[in-house]
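Biologist: I am new to this one, so could you walk me through it? Let us look at it together and take it a piece at a time.

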Amino acid sequence: MAEQARYEELIRQFSAFGAVKREMGRMMPSDCPAGSAAVLTLLGRYGDMRMSRLSELLAVDMSVTSRHVAHVVERGWIERSPDPADRRSRILGLTPAGRALLDQLSRRTCLMLSERLGDWSDEEVAQLTALMARLRASFDDTRAHGPEPRPPAPPVLEQTTRTPAITT
């Protein structure tokens, strides 16, 4: 039972973490929702790539990725270029405007985090970062390999101190 309580508390913390994400979202420019920021961030981190790779990194369906990409292309933050290896495919890459926006978003986010975590030690921030990366990797492993099959739960037997009734 102690294990269940531990995970229930973790679930409560995940729910409460939504407030952190909302605050981070409020600092984004109005024309750059979270999905667009994620596209820019991934292109900034990994460089030019095909839409299929971006969809994989975002861990969303190709149709969702396509909507995010259309949004950032319309604003001139990324461009689609023919793939030299396959002219039917397109390679996505940051434009100078996209790079500038990504730099601005990074500065804003770092400033907000340094303000909110100003009373945390460097070691505490490093520990949080490592644990969050480990958590994310655990979920990435599950997504890549599928969830582990679980054995059926044993039947729950009611605990009682009553003497069973005798029927004749």
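Biologist: How are H2 and H3 oriented, roughly parallel or roughly perpendicular?
Modeller: Keep in mind that this is a predicted model. The axes of H2 and H3 come within 11 Å and cross at roughly 110 degrees. Angles of 65 to 115 degrees count as roughly perpendicular. That crossing therefore makes H2, relative to H3, roughly perpendicular.

Biologist: Thanks! How do the residues of the contact of H2 with H3 divide into nonpolar, polar and charged?
Modeller: From H2 come Ala38, Val39, Leu42 and Tyr46, which meet Leu54, Leu57 and Leu58 in H3. Sorted by type, the residues of this contact of H2 with H3 are no charged, no polar and seven nonpolar.

Biologist: And how do H2 and H5 pack, roughly parallel or roughly perpendicular?
Modeller: Here the axes of H2 and H5 are 10 Å apart, and the packing angle is about 105 degrees. H2 and H5 are therefore also to be described as roughly perpendicular.

Biologist: How many charged residues are in the contact of H2 with H5?
Modeller: On the H2 side are Ala37, Leu40, Thr41 and Gly44, and they meet Arg99, Leu101, Leu102 and Leu105 in H5. Five residues of the contact of H2 with H5 are nonpolar and two are polar, while the number that are charged is one.

Biologist: What about H3 and H4: at roughly what angle do their axes cross?
Modeller: The axes of H3 and H4 come within 9 Å, and they cross at roughly 105 degrees. That makes H3 roughly perpendicular to H4. H3 brings Met51, Ser52, Leu54, Ser55 and Leu58 to the contact, and H4 brings Met62, Thr65, Ser66, His68 and Val69. These residues divide into five nonpolar, five polar and no charged, and the crossing angle you asked for is roughly 105 degrees.

Biologist: Which element gives the most to the largest nonpolar core?
Modeller: That core has 19 residues, and among those touching the most other members are Cys32, Val39, Leu40 and Leu54. Elements giving two or more residues are H2, H3, H4, strand S3 and H5. With five residues, the one that gives the most is H2.

Biologist: Which residues is Leu40 in contact with, leaving aside neighbours within four places in sequence?
Modeller: Leu40 is one of the core residues that touch the most other members. Its contacts beyond those neighbours are Cys32, Trp77, Ile78, Leu94, Leu101, Leu102 and Leu105.

Biologist: How many disulfides does the structure hold?
Modeller: Let us look at two cysteines on the way. Cys32 is buried at a relative accessible area of 1%, whereas Cys110 is partly exposed at 48%. As for disulfides, the count in the structure is zero.

Biologist: How far apart in space are Glu23 and Met112, C-alpha to C-alpha?
Modeller: Glu23 is found in helix H1 and counts as partly exposed at 25% relative accessibility. Not counting residues up to four places away in sequence, Glu23 touches Met112 and Arg116. Glu23 and Met112 are 89 residues apart in sequence, yet their C-alpha distance in space is 9.4 Å.

Biologist: One more: is Thr109 buried or exposed?
Modeller: Thr109 lies in helix H5 and touches Met24 and Met27, not counting residues up to four places away in sequence. The cut-off for buried is under 20% relative accessible area. At 17% relative accessibility, Thr109 therefore counts as buried.

Key: Residues are numbered from 1 along each chain as its sequence is written. This is a predicted model: local features need pLDDT of at least 70, side-chain atom pairs count only at pLDDT 80 or more; totals for chains, interfaces and linings use all residues. Side-chain values use heavy atoms; hydrogens and water are left out. A nonpolar core is a set of buried Ala, Val, Leu, Ile, Met, Phe, Trp, Tyr and Cys residues joined through side-chain atoms within 4.5 Å. Buried means under 20% relative accessible area, exposed over 50%, partly exposed in between (1.4 Å probe, protein chains only). Helices (H or I, at least four residues) and strands (E, at least two) are DSSP runs, numbered from the N terminus. Contact means heavy atoms within 4.5 Å. Axes are lines fitted to C-alpha atoms, for helices over the stretch in contact, and angles run from 0 to 180 degrees between N-to-C directions. Angles under 35 degrees count as roughly parallel, over 145 as roughly antiparallel, 65 to 115 as roughly perpendicular and the rest as oblique. Ala, Val, Leu, Ile, Met, Phe, Trp, Tyr, Cys and Pro count as nonpolar, Asp, Glu, Lys and Arg as charged, and the others, Gly among them, as polar. A disulfide is a pair of cysteine sulfur atoms within 2.5 Å.
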